[in-house]
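Colleague: I have the model open and would like to go through the labels one by one. Could you tell me what stands behind each of them?

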Amino acid sequence: MTRVLLLGGTTEAGRMARALADAGVDAVYSYAGRTEAPVAQPLPVRVGGFGGVAGLVAYLRAEGISHVIDATHPFAAQMSRNAVEGCAAAGVALIALEREPWQAGEGDRWTHVPDLAGAVAALGEAPRWVFLAIGRQNLSAFAGAPQHHYLLRLVDPPTDPLPLPRAEAVIARGPFDVAGDRALLKDHRIEVIVAKNAGGAGAEAKLVAARELGLPVVLIDRPLVPERRVARTLGEVMAWLDG
Ligand code: NAP
């Protein structure tokens with residue numbers, strides 16, 4: 001019997017959930033529980049961490065899961081590592097629905113850095129107006145560069161004081177469009193953008209807007225995840241489930 005655990009938290013995971021529901025596949029959608037009001041899904045939803053690899057293995061067994069689809073964000077590397085290890089231990093099949101990383105094109109002014117520390121260093125010493133488009137969780141990495149003005153875009157209003165002295169947050173949930181992102185960059189007189197190389201369409205608008213405005217982008221490379229089966233499309237995942 002096929003029973004799927006879909007690890008979510010992304011636009012693509014929402015599309016995957018719709019495809020599974022339309023095909024009548026028995027599946028559960030899993031959220032980490034990071035946002036206050038997660039997007040509704042056409043599948044039964046569970047929320048919260050599993051409790052590491054051991055907790056995930058216990059969950060897979062208790063729920064009779066046969067297949068795991070890892071559709072988490074490319075920077076949710078801990079969950080993806082746990083999925084590789086937990087599925088191997090439980091004898092459960094695993095596939096990752098993974099977006100292609102973005103590639104620089106004509107007119108892009110991108111600097112690739114390996115991690116957050118590299119992004120901080122790439123901003124330099126002189127104060128700049130920075131669109132820090134990395135979400136909420138890793139902001140403290142930039143606390144060592146308090147000379148810059150940071151524009152943040154967050155899903156929920158911050159409940160704790162921001163760890164950056166000169167920061168302003170706009171509250172918005174993707175997907176975003178180019179006209180809106182161009183206006184955001186101009187209105188806030190942004191000079192440089194820091195982003196994760198997430199890939200996909202929902203967060204690409206800021207890169208297109210940066211190209212149009214001739215702005216530089218500091219792009220953080222993806223963290224490493226152990227080798228696993230990877231699909232690029234919903235169709236590939238559905239074929240894998242059928243196989
Ligand atoms: P992470 O660092 O890889 O995960 C940390 C822990 O959070 C995991 O070990 C797991 O806890 C729990 N977790 C993560 N994703 C989960 C899921 N889908 N269901 C149940 N538990 C989950 O992940 P993260 O970067 O904090 O991302 C958290 C969520 O936000 C993910 O769903 C991801 O798709 C989404 N997201 C992340 C980013 C990003 O930039 N990182 C951007 C957009 C959306 P246990 O060890 O207790 O199981």
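**Strands, helices and salt bridges**

Modeller: Gladly; let me start with a pairing: strand β7 (residues 129–133) and β8 run parallel and are joined over four bridges. Keep in mind that this is a predicted model.

Colleague: What makes β7 and β8 a pair?

Modeller: Two strands pair if at least two bridges are found between them, and β7 and β8 have four bridges. So by that rule they count as paired. One example is Val130, whose bridge partner in β8 is Tyr150.

Colleague: Which strand pairs with β8 over five bridges?

Modeller: That is strand β9 (residues 167–171), again in the parallel sense. Here Leu154 has Ile171 in β9 as its bridge partner.

Colleague: Why is β8 called mostly covered?

Modeller: Buried means under 20% relative accessible area, and five of the six residues in β8 (149–154) are buried.

Colleague: In what order do the strands of the open sheet come?

Modeller: The order is β3-β2-β1-β4-β5-β12, six strands with parallel pairing.

Colleague: What makes β3 and β12 edge strands?

Modeller: β3 (45–47) and β12 (230–231) each pair on one side only. Further in, β4 (residues 67–70) and β5 (residues 93–97) run parallel and are joined by four bridges, and Val68 has Leu94 in β5 as its bridge partner.

Colleague: Which strands does helix α1 lie across?

Modeller: Helix α1 (residues 11–22) lies across β1 (4–7), β2 (27–31), β4 and β5. Its angle to β1 is about 160°.

Colleague: Why is α1 called oblique to α7?

Modeller: The axes of α1 and α7 come within 10 Å and cross at roughly 45°. Angles under 35 degrees count as roughly parallel and 65 to 115 as roughly perpendicular; roughly 45° falls in neither range, so α1 is oblique to α7. The crossing is right-handed. In contact there are Glu12, Arg15, Met16, Ala19 and Leu20 from α1 with Leu234, Val237, Met238 and Leu241 from α7.

Colleague: How do you know that Glu98 and Arg232 form a salt bridge?

Modeller: The cut-off is 4 Å between a side-chain nitrogen of Lys or Arg and a carboxyl oxygen of Asp or Glu. For Glu98 and Arg232 the N to O distance is 3.4 Å, so the pair qualifies. Glu98 lies in the loop between β5 and β6 (109–113) and Arg232 in the loop between β12 and α7 (234–242), so the pair ties together parts that are 134 residues apart in sequence.

Colleague: Why does Arg232 count as partly exposed?

Modeller: Its relative accessibility is 36%, and partly exposed covers what lies between under 20% and over 50%. Arg232 also meets Glu100 in a salt bridge, at 3.4 Å from N to O. Glu100 is partly exposed too, at 48%. Asp70, Glu98, Glu100, Arg228 and Arg232 are linked in a network of salt bridges.

Colleague: Asp108 and Arg211 also meet in a salt bridge; is Asp108 buried or exposed?

Modeller: Asp108 has a relative accessible area of 15%; the limit for buried is under 20%, so Asp108 is buried. Arg211, at 34%, is partly exposed. Their N to O distance is 2.9 Å.

Colleague: And how many salt bridges does the rule give?

Modeller: Counted that way, there are eleven salt bridges.

Key. Residues numbered from 1 in each chain as written. Predicted model: local features only at pLDDT ≥ 70, side-chain atom pairs only at ≥ 80, totals over all residues. Heavy atoms only, no water. Helix = DSSP H or I, 4+ residues; strand = E, 2+ residues; numbered from the N terminus. Contact = heavy atoms within 4.5 Å. Axes fitted to C-alpha atoms, helices over the stretch in contact; angles between N-to-C directions. Buried < 20%, exposed > 50% of the residue type's maximum accessible area, 1.4 Å probe, protein only. Left-handed = near helix turned anticlockwise from the far one by under 90°.
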